[in-house]
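Student: I have a new model open and would like to learn how to read its features. Could you walk me through a few?

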Amino acid sequence: MTVYLGRTRRPLRLQLRPTLRLRLTLLNGILLVGAGVALVLLAWLLVSESLHPVDELKAGSMVTLADGSPREALGWQTDMVARASQELLLKGLSALVAVGIIGIAGAYAVAGRALRPLHSVTQTAQRLGEETLDQRIRYSGADDEVAELARTFDAMLDRLAAAFESQKRFVANASHELRTPLAVMRTEIDVTLSDDEADVAEYRRMAKVVRNASERANGLVDALLVLARSEAQSGRRLVRKVPADLATSVYNALSAVKAEAERMKLDVSTELEPAPVVGDPSLLDRLAGNLIENAIRYNHLLGSLWLRTGSVNGQAQLVVGNTGYEVEPADVPGLFEPFQRGGWERTGSRGSGLGLSIVRAVCDAHGGTVSAVAIEGGGLEVTVSLPAADTTPVVAATASVPRVRS
């Protein structure tokens, strides 16, 4: 038999959180009460030092009180100073208590009013979710530190909303791109299998279509993995940093597409000067490969392709340019977004629309920049700038495997 014991309730204890409002109130109260105590003590010292009228009389002088009784002047002065000091302390401390209570209450109210925007920030942050990223603080008070914090928080929410929206578009586009080849394969298979008179040639045609669609899906998945890997290493957080050369990456990529360039009869010109960098060679090879593949894919028959590498002002540069169909200058920044294509030919079905996105992510991972310029008359020229090898430290990964004693 299993017995479940109820949870014992812990005794409730009142816990005062050291909130900023409470700390400000206590600080103001301490300062106010301390200043009041100093004033009371100062007044007490002044009274004690000032009330000495008998000092100007002869020793042994007598004074007559209001009731007609005589008394020695020195004793009368001592009693008068004692009574004045006692009355001053009692009334001063009473006034100090009253002023302290009023001051602390006022400080608590003023601190609460001043910190109200901070509560708005907290409440907005607690309400935030994927569906409520449109909420903002929109502080309209004085232009002080709180207003700056509110503006900074609103700006952060704008960036988060943009990132979530971009992520949604990316997932939707990736799903659409993957769904297309899968739908083609399923349609071809269903149509062929439903045809009772299909022969070997028909099955071969179906197999070819399915193979092409599967290759497209596989290429898209590989591109997505490379993009995810590159973006995960953004901000110079590269897992691997070894010496490399952009000229070598260009040479390898150009060798891989040599047959395609010859088929399109492209005029290929190269100026491959050494461009040493420190980074991940596999990502750099993909960067050069994507640029050159795009330059060939979106070119035209008998077009031109030019490649340049070199080092300029502490930066290793790679320039890839090609002729082709016209691209609107306003569409150029969007080409580096996932699944975005521009121009007449770039809106076709060729390619996954991830080539330049991967280039941008690889540049960001290596601390570099990438820019593109639409060429008048058609074509695009892309320039990649990465920190040169002499400005980037080499990180050599090491691993040790402990020996297991038998």
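Tutor: Happy to! Helices here are DSSP runs of at least four residues and strands are runs of at least two, both numbered from the N terminus. Do keep in mind that this is a predicted model.

Student: Where does Lys-265 lie?

Tutor: Lys-265 sits in the loop that links helix 7 (258–263) to strand 4 (267–272). Although Lys-265 is not a glycine, its phi is positive, about 55 degrees.

Student: Is Lys-265 buried or exposed?

Tutor: Exposed means over 50% relative accessible area. Lys-265 has 56%, so it counts as exposed.

Student: Which other non-glycine residue should I look at for a positive phi?

Tutor: Try Leu-302, with a phi of about 65 degrees. Leu-302 is in the loop between helix 8 (281–297) and strand 6 (304–312), and its relative accessible area of 60% makes it exposed.

Student: How do I check the span of helix 1?

Tutor: Allow 1.5 Å a residue: the 31 residues of helix 1 (residues 20–50) should span 45 Å, and the end C-alpha atoms are 45 Å apart, which agrees. Buried residues in helix 1 include Thr-25, Gly-29, Gly-36, Val-40 and Ser-48.

Student: Which residues form a negative surface patch?

Tutor: Look at Asp-195, Asp-196, Glu-197 and Asp-199. Residues need over 30% relative accessible area to join a patch. Asp-199 has 43%, so it is partly exposed, and its place is in the loop between helix 4 (145–194) and helix 5 (200–232).

Technical notes: Residues are numbered from 1 along each chain as its sequence is written. This is a predicted model: local features need pLDDT of at least 70, side-chain atom pairs count only at pLDDT 80 or more; totals for chains, interfaces and linings use all residues. Side-chain values use heavy atoms; hydrogens and water are left out. Patches are made of residues with over 30% relative accessible area and no salt bridge: like charges are joined within 9 Å, nonpolar side chains (Val, Leu, Ile, Met, Phe, Trp, Tyr) within 5 Å. Accessible areas come from the Shrake-Rupley method with a 1.4 Å probe; for residues, only the protein chains shown count as cover. A salt bridge is a side-chain nitrogen of Lys or Arg within 4 Å of a carboxyl oxygen of Asp or Glu. Lys and Arg count as positive and Asp and Glu as negative; His and the chain ends are not counted. The place of a charge is taken as NZ of Lys, CZ of Arg, CG of Asp or CD of Glu. Buried means under 20% relative accessible area, exposed over 50%, partly exposed in between (1.4 Å probe, protein chains only). The expected span of a helix is 1.5 Å times one less than its number of residues.
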